[in-house]
Amino acid sequence: MTGPYREAAPVEHEPGKPSRYVPLTRREERLRRVLRSVPVVLLTLAAFVLERPWLIAGALAWGLGVVIVTRLHARALNGRLKALAGTLARDGDPSLAARSLEAIVADARGYPGFHCVALLFLGIAKARGGDADGALDLLYVVQKAGWLSHRALWMAWLLPWLSQLHAARNELDLAEKWL
């Protein structure tokens, strides 16, 4: 040991994906939606039990505030995602796009659709940056989550990339599966 610092303790890597890469399940998303409405219900109930009609205004303001903040956040995520998708489409720097998409992935976890689209574009950016294994991991997370399975446009992005990445790894049987 030299200097005033001690050696760093060994860090054990926990298996599995970081939570920011795991989309919410439909059950978790429904639970979040219900929990978001609990204060409105409690304030309304308190207004009737305590006979304080002004608490209804508080419940309405709370509910309206939640809706407005949620919509504004979703609109901001959509704008950021479109800008980065455009960067990837115009042959922009994939490592720069990947760093920015990491931030969107972290911000969009509460919006499973946006989260999966951000993971899809992050996988594409990693693939274009040369990390085929990392890209395949992310694309499989998107595919298994199921949030995009009924949206043909996003599946038209996902399936060819899965096929191309397997073909690049000489896994032609898996590549044919995704075509």
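A pocket, as used on this tour, is an open set of grid points with protein on both sides within 12 Å along at least five of seven lines. Keep that in mind for the second and third stops. The model on your screen is a predicted one.

**Stop 1: the whole chain**

Start with a cartoon view of the protein chain. You should find seven helices and zero strands, so coloring by helix number is a handy choice, given that helices are numbered from the N terminus. Read from that end, the elements run α-α-α-α-α-α-α. The chain has 179 residues, and 31% of them count as buried.

**Stop 2: the second largest pocket**

Select Arg36, Ser37, Val40, Gly63, Val66, Val67, Thr70, Arg71, Ala74 and Tyr111, and show them as sticks. These residues line the second largest pocket, which holds about 180 Å³ of space. Which helices each supply at least two residues of this lining? They are helix H1 (26–49) and H2. H2 gives the most, with six residues. If you color the sticks by class, you will see five nonpolar, three polar and two charged residues.

**Stop 3: the largest pocket**

Clear the selection and pick Asn78, Leu81, Lys82, Ala85, Gly113, Phe114, Val117, Phe121, Leu148, Arg151 and Trp154, the lining of the largest pocket. The elements that give two or more residues to this lining are helix H2 (54–89) and helix H4 (112–128). The volume of the largest pocket is about 230 Å³. Its lining comprises seven nonpolar, two polar and two charged residues. Among the lining residues are Phe114, Phe121 and Trp154, which make good visual anchors.

**Stop 4: a nonpolar patch**

Now switch to a surface view and select Leu31, Val34, Leu35, Val38, Leu42, Leu45, Val49 and Leu50. Together they make a nonpolar surface patch of about 760 Å². Center on Val34, which has its place in helix H1. Is Val34 buried, partly exposed or exposed? Its relative accessibility is 47%, so Val34 counts as partly exposed. A patch takes residues with over 30% relative accessible area, and the value for Val34 is 47%.

**Stop 5: salt bridges**

Go back to sticks for the charged side chains. Side chains of opposite charge can pair when their charged atoms come close. How many salt bridges does the count come to? The count comes to five.

Begin with Arg80 and Asp107, whose closest N and O atoms are 2.9 Å apart. This pair links distant parts of the chain, with Arg80 in helix H2 and Asp107 in helix H3, 27 residues apart. Both ends are partly exposed: Arg80 has 33% relative accessibility, and Asp107 has 35%.

Next, select Asp91 and Arg128, which meet in a salt bridge at 3.1 Å, N to O. Asp91 lies in the loop between H2 and H3 while Arg128 is in helix H4, so the pair ties together parts that are 37 residues apart in sequence. On the Arg128 side, the relative accessible area is 30%, which makes the residue partly exposed.

Then move to Glu171 and Arg169, a salt bridge whose closest N and O atoms are 3.4 Å apart. Add Asp133 to the selection, and you have one network: salt bridges that share partners join Asp133, Arg169 and Glu171. Arg169 is partly exposed, at 36% relative accessibility.

**Stop 6: two backbone angles to check**

Most residues other than glycine have a negative phi, and most peptide bonds are trans. Two residues here are worth a look with that in mind.

Return to Asp91 and read its backbone torsions. Asp91 is not a glycine, yet has a positive phi of about 55°. You will find Asp91 in the loop between H2 and helix H3 (94–107). With a relative accessible area of 62%, Asp91 is exposed.

Finish at Asn170. Where does Asn170 lie? Asn170 lies in the loop between helix H6 (152–168) and helix H7 (172–177). Asn170 also has a positive phi, near 60°, in a residue other than glycine. Buried or exposed? Asn170 is exposed, with a relative accessible area of 65%.

Definitions and conventions
Residues numbered from 1 in each chain as written. Predicted model: local features only at pLDDT ≥ 70, side-chain atom pairs only at ≥ 80, totals over all residues. Heavy atoms only, no water. 1 Å grid on protein atoms, 1.4 Å probe; cavity = no way out; pocket = protein on both sides within 12 Å on 5 of 7 lines; lining within 4 Å. Points joined across faces, edges and corners; volume = space filled by probe spheres on them. Helix = DSSP H or I, 4+ residues; strand = E, 2+ residues; numbered from the N terminus. Nonpolar A, V, L, I, M, F, W, Y, C, P; charged D, E, K, R; others polar. Patch = residues over 30% accessible without salt bridge, like charges linked within 9 Å, V, L, I, M, F, W, Y side chains within 5 Å. Areas by Shrake-Rupley, 256 points an atom, 1.4 Å probe, with all protein chains shown as cover. Salt bridge = Lys/Arg side-chain N within 4 Å of Asp/Glu carboxyl O. Buried < 20%, exposed > 50% of the residue type's maximum accessible area, 1.4 Å probe, protein only.
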